Amino acid sequence: MAEQKKKIMLTGDRPTGRLHIGHYVGSLRQRLELQDDPSYEKIFVMIADAQALTDNFDDPEKVRESVFQVAVDYLSVGLDPAKTYMFIQSAVPQLHELTVYYMNLVTVSRVQRNPTVKQELKLRGFEGESVPVGFFTYPISQASDITAFKATIVPVGEDQEPMLEQTREIVRSFNRTYGKEVLVEPEIYLPSNEACLRLPGTDGQAKMSKSLGNTIYLSDDEETLRKKVMSMFTDPGHLRVDDPGKVEGNTVFTYLDAFVKPDSFEKYLPEYKDLDELKAHYRRGGLGDVKVKKFLFAVLNEFLTPIREKRAYYEAHPEEVIRVLTEGTQAARETAAETLADVKEAMRIDYFKGWAEQYGEEFDI
Ligand code: TRP
């Protein structure tokens with residue numbers, strides 16, 4: 001096709017708690033970058049409450065509270081309503097309609113083979129066939145989220161790649177089945193830095209998760225941050241300062257890889273030129289964990305300070321947050337409705353539109 005595809009970004013987060021620094025390096029940072037890229041026509045960021053309910057259906061208060069907190073997180077890190085539409089998934093009914101039609105294009109065995117679903121089923125203890133249908137089909141609903149906006153790029157963590165692959169399959173299947181290039185295949189957008197791809201928890205576990213209590217939230221205050229950093233996992237073999245230490249798998253260094261800025265050393269640890277020099281000293285021995293942790297605290301605290309300030313502003317002005325969501329949701333509905341109309345036309349279920357054309361009469365529906 002000669003026609004240049006329009007660049008459109010869509011991504012989303014499950015509102016099951018506040019967002020943390022893993023979300024930031026894994027996806028929020030990429031959104032901020034694309035938000036400032038003028039070649040993008042539209043940017044959508046969705047609070048995926050309907051998806052969160054697939055495994056939190058019995059805790060609606062948590063989801064409700066988190067919807068607002070995640071919106072505040074977005075605005076606090078700098079997502080800008082003048083450039084980015086922020087919206088609530090459940091308030092865009094077109095997404096759920098699309099899901100119903102896409103369900104015809106996906107087999108049970110295909111969803112069962114989805115590695116993310118497999119892993120989550122195990123994690124949540126859903127045995128055999130006792131998994132709720134809503135949870136089981138969430139990859140299909142996620143394909144609706146993405147295709148409703150004809151998104152070309154989706155900044156998410158790498159654990160979401162199987163969802164993107166499933167979405168591309170649905171797109172191909174739809175376009176093939178209904179003989180029209182209606183839907184667009186999306187690409188994932190991952191962080192380029194290895195440390196950001198999978199930021200471990202403060203305890204060194206593979207992932208930050210609320211239930212493990214190993215998370216640093218974007219909303220953590222200074223004292224909470226200090227406590228969390230000072231009790232972080234390092235190299236268990238590095239017992240005395242003089243012992244040589246390991247940098248690989250050492251969470252404090254992984255966080256530094258993800259957050260150090262060019263001027264961080266000059267500001268907070270001027271006796272070192274850069275991270276390579278600091279790592280070399282640690283490996284050699286003679287550099288204590290406390291010193292490295294204090295440096296990491298300073299770096300993270302500098303990063304979180306403006307975010308906290310913005311958060312305080314938005315918490316004091318909830319009506320501004322709500323206005324952003326109202327406008328974003330309205331825009332999301334309009335775009336999703338256009339895609340749904342294309343989908344219905346391709347599927348030959350656009351009855352009233354077809355009849356109106358056939359009989360030259362407007363039907364009031
Ligand atoms: N599954 C995503 C997560 O757990 C959230 C999500 C829902 C999403 N719909 C989406 C992400 C669409 C990207 C695009 O983080």
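This is a short dialogue on reading surface, charge and contact features in a predicted model.

Biologist: What should I know about the model and its numbering before I start?

Modeller: The model is predicted: local features need pLDDT of at least 70, side-chain atom pairs count only at pLDDT 80 or more, and totals for chains, interfaces and linings use all residues. Residues are numbered from 1 along each chain as its sequence is written, and side-chain values use heavy atoms, with hydrogens and water left out.

Biologist: Which residues form the nonpolar patch on the surface?

Modeller: Start with the rule. Patch residues have over 30% relative accessible area and no salt bridge; nonpolar side chains (Val, Leu, Ile, Met, Phe, Trp, Tyr) are joined within 5 Å, like charges within 9 Å. Areas come from the Shrake-Rupley method with a 1.4 Å probe, and for residues only the protein chains shown count as cover. Here the patch consists of Y351, F352, W355, Y359, F363 and I365. Together they have about 690 Å² of accessible area.

Biologist: Where is Y351 found, and is Y351 buried or exposed?

Modeller: Helices (H or I, at least four residues) and strands (E, at least two) are DSSP runs, numbered from the N terminus. Y351 belongs to helix 17, residues 351-359. As for cover, buried means under 20% relative accessible area, exposed over 50%, and partly exposed in between (1.4 Å probe, protein chains only). Y351 counts as partly exposed because its relative accessibility is 44%.

Biologist: What is F363 in contact with?

Modeller: Contact means heavy atoms within 4.5 Å. F363 sits in the segment after helix 17. Leaving aside neighbours within four places in sequence, F363 contacts F352, W355 and A356. F363 and K353 are 10 residues apart in sequence, with their C-alpha atoms 8.1 Å apart. F363 has a relative accessible area of 33%, so it is partly exposed.

Biologist: Now charges. Which residues form the negative surface patch?

Modeller: Lys and Arg count as positive, Asp and Glu as negative; His and the chain ends are not counted. Each charge is placed at NZ of Lys, CZ of Arg, CG of Asp or CD of Glu. The negative patch is made of D58, D59, E61 and E65. D58 lies in the loop between helix 2 (49-54) and helix 3 (60-77). D58 is exposed because its relative accessible area is 62%.

Biologist: How many salt bridges does the count come to?

Modeller: A salt bridge is a side-chain nitrogen of Lys or Arg within 4 Å of a carboxyl oxygen of Asp or Glu. The count comes to 31. One of them joins R31 and D13, at 2.9 Å from N to O. This pair links distant parts of the chain: R31 is in helix 1 (residues 21-35), D13 is in strand 1 (residues 8-13), and they are 18 residues apart. Both R31 and D13 are buried.

Biologist: Which other side chains meet in a salt bridge?

Modeller: K228 and D220 meet at 2.7 Å, N to O. K228 is partly exposed, because its relative accessibility is 21%. D220 has a relative accessible area of 8%, so D220 is buried. R240 and D243 also pair, at 3.4 Å. R240 is exposed at 61%, while D243 is buried at 15%. There is also a salt-bridge network, which links E161, E165, R168, R172 and E185.

Biologist: What is the nearest side chain of opposite charge to E120?

Modeller: That side chain is R14, 4.1 Å away. E120 is buried yet has no salt bridge. E120 is part of helix 6, residues 115-123. Residues up to four places away aside, E120 touches R14, F135 and Y138.

Biologist: Where are the positive phi values of K150 and R348 found?

Modeller: Take K150 and R348 in turn. K150 is not a glycine, and its phi is near 50°. The loop between helix 8 (138-147) and strand 4 (153-155) holds K150. R348 has a phi of about 65°, again without being a glycine. R348 lies in the loop between helix 16 (318-346) and helix 17. R348 counts as exposed because its relative accessibility is 66%.

Biologist: Last one. What surrounds L98 by contact?

Modeller: L98 is found in helix 4, residues 93-102. L98 is buried because its relative accessible area is 0%. Beyond neighbours within four places in sequence, L98 contacts S144, A148, L340 and V343. L98 and A143 are 45 residues apart in sequence and 9.0 Å apart in space, C-alpha to C-alpha.
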